[in-house]
Amino acid sequence: MKKTVTLTFSDGSPPIELPVEEGTYGKPVIDIRPLGAHGYFTHDPGFTATSSCNSAITYIDGDEGLLYYRGYPIEELAYQSDYMEVCYLLLHGELPTATQKQAFVESISHHTLLHDQMENVFRGFRRSAHPMAVMIGVTGAMSAFYHAGLDNFNPQHRESVAHRLIAKIPTVAAWAYKFNEGQPFVYPQNRLSYAENFMHMMFATPCEDYEPNPALARALDRIFILHADHEQNASTSTVRLAGSSGANPYACIASGMASLWGPLHGGANEAVLRMLEEMDDVSKIGEFIRRAKDKSDPFRLMGFGHRIYKNVDPRAAIIRRTCYEVLDALDLRDDPQFRIALELERIALEDEYFIERKLYPNVDFYSGIIFRAMGIPTSMFTALFALARTAGWVAQWHEMLSDPAHRIGRPRQLYTGAARRSFVPLEQRGA
Ligand code: ACO
């Protein structure tokens with residue numbers, strides 16, 4: 001028998017029966033849609049207890065510290081797979097066969113070029129523009145190049161959008177950096193892997209040969225896997241909400257990037273590095289921990305805490321290990337920021353404040369140290385997150401539009417403003 005809950009009211013109004021739905025894993029959800037017909041809405045600012053959709057892409061168990069893409073544990077994908085396979089998995093639901101993988105990689109590597117006219121879009125920005133501002137602008141501008149004839153409800157068109165976005169975003173990100181630096185744009189190289197190609201576009205110049213370091217390319221590929229999707233976070237929900245109206249998908253991905261940019265979301269990796277630089281020495285850790293605990297100080301320990309994880313973020317553990325590998329490969333084991341980060345983590349994890357609130361390092365805590373060691377400037381950290389998350393955003397957009405039950409997203413509100421009043425002409429309103 002299907003489980004239901006009954007909502008009763010203290011004023012004697014008739015009770016309302018609501019269905020309870022169970023997924024593969026996770027907490028059961030109460031389907032509150034019948035409430036509207038009874039004259040009620042639910043109220044949940046920040047969506048702390050609200051499921052917004054059915055999804056078969058990613059599962060997180062924040063209490064146990066588990067993350068699965070399409071049922072595969074993140075640890076297995078991070079160490080045994082590669083980012084191209086993970087993109088295919090997110091989009092199609094299954095790991096590719098050898099033939100499918102070859103065709104997918106070929107399609108991605110043959111869509112990496114940007115329309116020549118797009119160079120002018122970059123050149124419209126001031127040189128000092130933050131790379132995320134450039135990425136949002138240029139990705140949004142892609143909607144002007146791919147709009148006519150695009151049918152969001154045609155699965156082939158959606159697949160072509162997904163391939164284009166996964167292929168072109170690394171070029172957009174690398175060129176945002178090149179534009180900042182005042183260096184010429186470097187074109188993609190089809191012979192290179194996805195991560196190697198990104199490094200090539202970031203670091204090559206026309207003046208000398210550049211060969212990406214294979215150990216660093218492997219680490220970057222792993223970081224891309226870890227950031228590829230994370231179910232209904234702020235940026236993914238933004239993409240879904242924007243896409244729910246049938247809007248152009250490139251514009252929807254640009255809206256996801258805008259949401260990601262915030263320091264409480266993808267902007268945290270940049271904020272962590274700035275915080276570690278400010279700490280400068282392990283002796284200052286105590287002062288920063290004190291500030292993080294002080295409720296009258298808005299400062300928070302960046303890279304700590306997560307809305308969902310109340311246990312170790314499984315991605316943080318993999319990134320910490322990758323950090324050791326990268327610093328070893330570059331002979332930087334004594335990197336001062338890494339030392340501070342390790343010590344800060346140790347102290348915070350023993351502190352009652354962090355223990356009580358279940359605040360652990362999140363994915364952003366160590367990623368910046370790796371990026372910096374690779375020579376990637378701090379301002380590019382969130383751009384790398386956006387690059388990797390594009391696969392998840394587009395997979396979620398595709399899943400939403402494939403669902404015949406999908407409707408435009410339209411939350412309700414609890415109105416707390418003025419009651420009805422009459423207009424007062426300007427001359428009667430006082431000075
Ligand atoms: N430093 C100090 N205290 C913290 C921190 C932190 N980093 N994070 C949470 N807290 C405290 C809060 O002050 C609050 O304490 P209280 O109960 O005494 O009032 C309690 O822990 C719960 O915090 P909330 O803000 O209610 O948790 P929420 O789920 O809304 O926020 C968030 C989660 C935004 C990630 C938060 O932990 C944070 O600001 N962390 C720092 C920024 C960061 O690292 N963001 C990256 C997240 S991962 C990602 O987006 C990829």
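Rings of Phe, Tyr and Trp (its six-membered ring) count as a pair if their centres lie within 6.5 Å. I start from that cut-off, since my first entries are about rings. The model I am reading is predicted.

**Entry 1. Aromatic clusters and pairs**

I looked for rings that join into a group. Phe 304, Tyr 324, Phe 338, Tyr 353, Phe 354, Phe 365 and Tyr 366 make up one aromatic cluster.

I then searched the whole structure for aromatic pairs, and the search gave 23. I took Tyr 25 and Tyr 68 as one of them: the ring centres are 5.9 Å apart and the planes stand at 65°, so I logged the pair as edge-to-face. The two residues come from distant parts of the chain, 43 residues apart. Tyr 25 is in the loop between β2 (16-21) and β3 (29-30), while Tyr 68 is in strand β5 (residues 66-69). I checked the accessibility of Tyr 68 and found 17%, which counts as buried because the limit is under 20%.

Phe 288 and Phe 299 also form an edge-to-face pair, with 5.6 Å from centre to centre and 70° between the planes. Phe 288 belongs to helix α12 (residues 285-293) and Phe 299 to the loop between α12 and α13 (314-329), so this pair ties together parts 11 residues apart in sequence. Both partners went down as buried: Phe 288 has a relative accessibility of 3%, and Phe 299 has 15%.

**Entry 2. Charges over rings**

I looked for arginines placed over aromatic rings and noted two cases. Arg 127 lies over the face of Phe 179, 4.1 Å from the ring centre. Arg 321 has its charged end over the ring of Tyr 79, at 4.2 Å from the centre.

**Entry 3. Strands**

I went through the sheet made of three strands. Its order is β1-β2-β3, it is open, and the pairing is antiparallel. β1 (4-7) and β3 are the edge strands, each pairing on one side only. Between β1 and β2 I found four bridges in the antiparallel sense. To place the register, I noted that Thr 4 stands opposite Pro 19 in β2.

Next I turned to β4 and β5. These strands also pair in the antiparallel sense, over four bridges, and they form a hairpin with four residues between them. Gly 65 sits in the turn and has a positive phi of about 75°. For the register here, Ile 60 has Leu 67 in β5 as its bridge partner.

Which residues of strand β4 (residues 58-61) are buried on each side? I found Thr 58 and Ile 60 on one side and Tyr 59 and Asp 61 on the other, all buried, so both faces are covered.

**Entry 4. Backbone angles**

Most residues other than glycine have a negative phi, so I listed exceptions. Phe 47 is not a glycine, yet its phi is positive, about 50°. Phe 47 lies in the loop between β3 and β4 and is exposed, with a relative accessible area of 57%.

Asp 331 is another non-glycine residue with a positive phi, here about 60°. I located Asp 331 in the loop between α13 and α14 (336-349). Its relative accessible area is 72%, and I logged Asp 331 as exposed.

**Entry 5. The second largest pocket**

I took the volume of the second largest pocket as about 330 Å³. Its lining has 22 residues, and those nearest the centre are Met 84, Leu 192, Ser 193, Tyr 194 and Ala 195. The elements giving two or more residues to this lining are α3 (98-109), α6 (155-181), α7 (194-203) and α8 (214-227). By class, I recorded 11 nonpolar, six polar and five charged residues in the lining of this pocket.

**Entry 6. The cavity**

How many cavities of 30 Å³ or more does the structure hold? I found one. The largest cavity encloses about 30 Å³ of space. Its lining consists of Gly 305, His 306, Tyr 309, Asn 311, Asp 313, Lys 358, Leu 359, Tyr 360, Pro 361 and Asn 362. I sorted that lining into four nonpolar, four polar and two charged residues.

Conventions. Residues numbered from 1 in each chain as written. Predicted model: local features only at pLDDT ≥ 70, side-chain atom pairs only at ≥ 80, totals over all residues. Heavy atoms only, no water. Phe/Tyr/Trp six-rings, centres within 6.5 Å; stacked < 30°, edge-to-face > 60°. Buried < 20%, exposed > 50% of the residue type's maximum accessible area, 1.4 Å probe, protein only. Lys NZ or Arg CZ within 6 Å of the ring centre and 35° of its normal. Pairing = 2+ DSSP bridges. 1 Å grid on protein atoms, 1.4 Å probe; cavity = no way out; pocket = protein on both sides within 12 Å on 5 of 7 lines; lining within 4 Å. Points joined across faces, edges and corners; volume = space filled by probe spheres on them. Nonpolar A, V, L, I, M, F, W, Y, C, P; charged D, E, K, R; others polar.
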